[in-house]
Amino acid sequence: EAFGIMDHSMKASSVVFRQLMNARVHLGHKTRIWEPRMAPYILGVRNGMHIINLDRTVVLLSQALRFARELSYRSGRILWLGPKEPIQHKVLAEIAQKTPHVLFTKEYKKWVAGTLTNAGKTEKLEEFDYKLPDALFVLDCLHNYTAIREANQVGIPVIGIVDTDCNPEIVTYPIPGNDESTRALHLYSSLMSQAMIEGSKMAHHASRGKIPKIPTKKEHPVIENSDDSNTNTESQSQNTEAFESEEAASRQ
């Protein structure tokens, strides 16, 4: 089961690490295909393939989920944009349809230029109930580059999975990670769903006068300050070799 999205759950960084490792989140592309602006999020190179630093991923993932939870608490709507491959997009759609405040399509559709920047003159806005989404959640930033660019132009925040061949600077909340592994995509979608469900439940309780207690920083330290970070990095280095051989051949 995916780890919880509340801030206090993120302190169990060793558990988070294992789940990310098992989902192949750390495996980037071959070094010949990379985006230099991803350098701060890359741990190193193994067998000609970039390895993503999961310490950074855990921190940025926590920030993105916190934003999604708070947005859902305010009934904000997030448009989910999945990968092009039908099977992987189906994974996103199945999770999205069980999640509150989500806009999505059951099948992958090529982005219609002007959907966000010229919404009044496109039929696409009808799918959004004639209101622009409050944020985007993008699992494949390369295939959805036009959507991200339009969101930037109109000031819509973007949560995006950025692989080693992506530009993280165009995403408001970048999450460094493998954007091709079905396991990883399922994990990202599940965590986002949990965050939005949690935010919706918090709003429901608040409306009934039962406001849930939010953990303080003192009670649940932010993952950046965790003493496990060095151990995690060492563990990642030790375990990466065991995972990389079966994935390297499939990564371009």
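In the predicted model, Ile-78 of the parallel sheet stands opposite Val-102 in β5. The two strands concerned, β4 and β5, pair in the parallel sense over 2 bridges. Helix α2 packs on this sheet and touches β4, β6, β7 (158–162) and β8, its direction making about 140° with that of β8. The sheet as a whole is open and comprises 5 strands in the order β5-β4-β6-β7-β8, with parallel pairing. The edge positions are held by β5 and β8 (173–176); each has a single partner strand, so one side of each is left without a neighbour in the sheet.

Further pairings were found along this sheet. Strands β4 and β6 run parallel and are joined by 4 bridges, and Leu-79 has Leu-136 of β6 as its bridge partner. The pairing of β6 with β7, also in the parallel sense, extends over 3 bridges, with Ile-159 in β7 as the bridge partner of Phe-137. In a regular strand the side chains alternate between the two faces of the sheet. In β6, Ala-135 and Phe-137 point one way, whereas Leu-136 and Val-138 point the other way, and all are buried. Helix α5 lies across β4, β5, β6 and β7 and runs at about 170° to β4.

The surroundings of helix α3 were examined next. In this helix (residues 86–96), the buried residues are Gln-88, His-89, Val-91, Leu-92, Ala-93, Ile-95 and Ala-96. An α-helix has 3.6 residues a turn, so residues three or four places apart point the same way. The cover over the buried residues of α3 includes β4 (78–81) and β5 (102–103), together with α5 (182–207).

Internal cavities were also assessed. Rolling a probe the size of a water molecule over the atoms shows where empty space is left. The count comes to 2 cavities of 30 Å³ or more. For the second largest cavity, the volume is about 30 Å³, and the lining consists of Leu-61, Leu-65, Phe-137, Ile-161, Ile-175, Tyr-188, Leu-191 and Met-192. Two or more residues of this lining come from each of α2 (54–73) and α5, and α5 gives the most, with 3 residues. By residue class, the lining of the second largest cavity contains 8 nonpolar residues, with no polar and no charged ones. Phe-137, a member of this lining, is also one of the buried residues of β6.

A separate open sheet is formed by 3 strands in the order β1-β3-β2, with antiparallel pairing. Its edges are occupied by β1 (27–30) and β2 (42–46), each with a single partner strand, so one side of each is left without a neighbour in the sheet. Neighbouring strands of this sheet are turned by 30° against each other on average, direction ignored. Strand β1 pairs with β3 (residues 49–52) in the antiparallel sense over 2 bridges, and Lys-30 stands opposite Met-49 in β3. Between β2 and β3, the antiparallel pairing extends over 4 bridges, and Gly-44 stands opposite Ile-51 in β3.

The hairpin of β2 and β3 has 2 residues between the strands, and Asn-47 in this hairpin takes a positive phi near 50°. This value occurs in a residue other than glycine. Asn-47 is placed in the loop between β2 and β3 and is exposed, with a relative accessible area of 61%. Arg-24 likewise has a positive phi, near 65°, in a residue other than glycine. Arg-24 is located in the loop between α1 (13–22) and β1. At 6% relative accessibility, Arg-24 counts as buried, because the cut-off for burial is under 20% relative accessible area.

Another loop residue, Asn-144, lies between β6 (135–138) and α4 (145–154). Asn-144 has a relative accessibility of 3% and therefore counts as buried. With neighbours within four places in sequence left aside, Asn-144 is in contact with Leu-81, Gly-82 and Val-138. Val-138, one of these contacts, is itself among the buried residues of β6.

Note on methods: Residues are numbered from 1 along each chain as its sequence is written. This is a predicted model: local features need pLDDT of at least 70, side-chain atom pairs count only at pLDDT 80 or more; totals for chains, interfaces and linings use all residues. Side-chain values use heavy atoms; hydrogens and water are left out. Buried means under 20% relative accessible area, exposed over 50%, partly exposed in between (1.4 Å probe, protein chains only). Contact means heavy atoms within 4.5 Å. Two strands pair if DSSP finds at least two bridges between them. Axes are lines fitted to C-alpha atoms, for helices over the stretch in contact, and angles run from 0 to 180 degrees between N-to-C directions. On a 1 Å grid over the protein atoms alone, a cavity is a set of points where a 1.4 Å probe fits but cannot get out, and a pocket is an open set with protein on both sides within 12 Å along at least five of seven lines; lining residues have an atom within 4 Å of a point. Grid points are joined across faces, edges and corners, and a volume is the space filled by probe spheres set on the points. Ala, Val, Leu, Ile, Met, Phe, Trp, Tyr, Cys and Pro count as nonpolar, Asp, Glu, Lys and Arg as charged, and the others, Gly among them, as polar.
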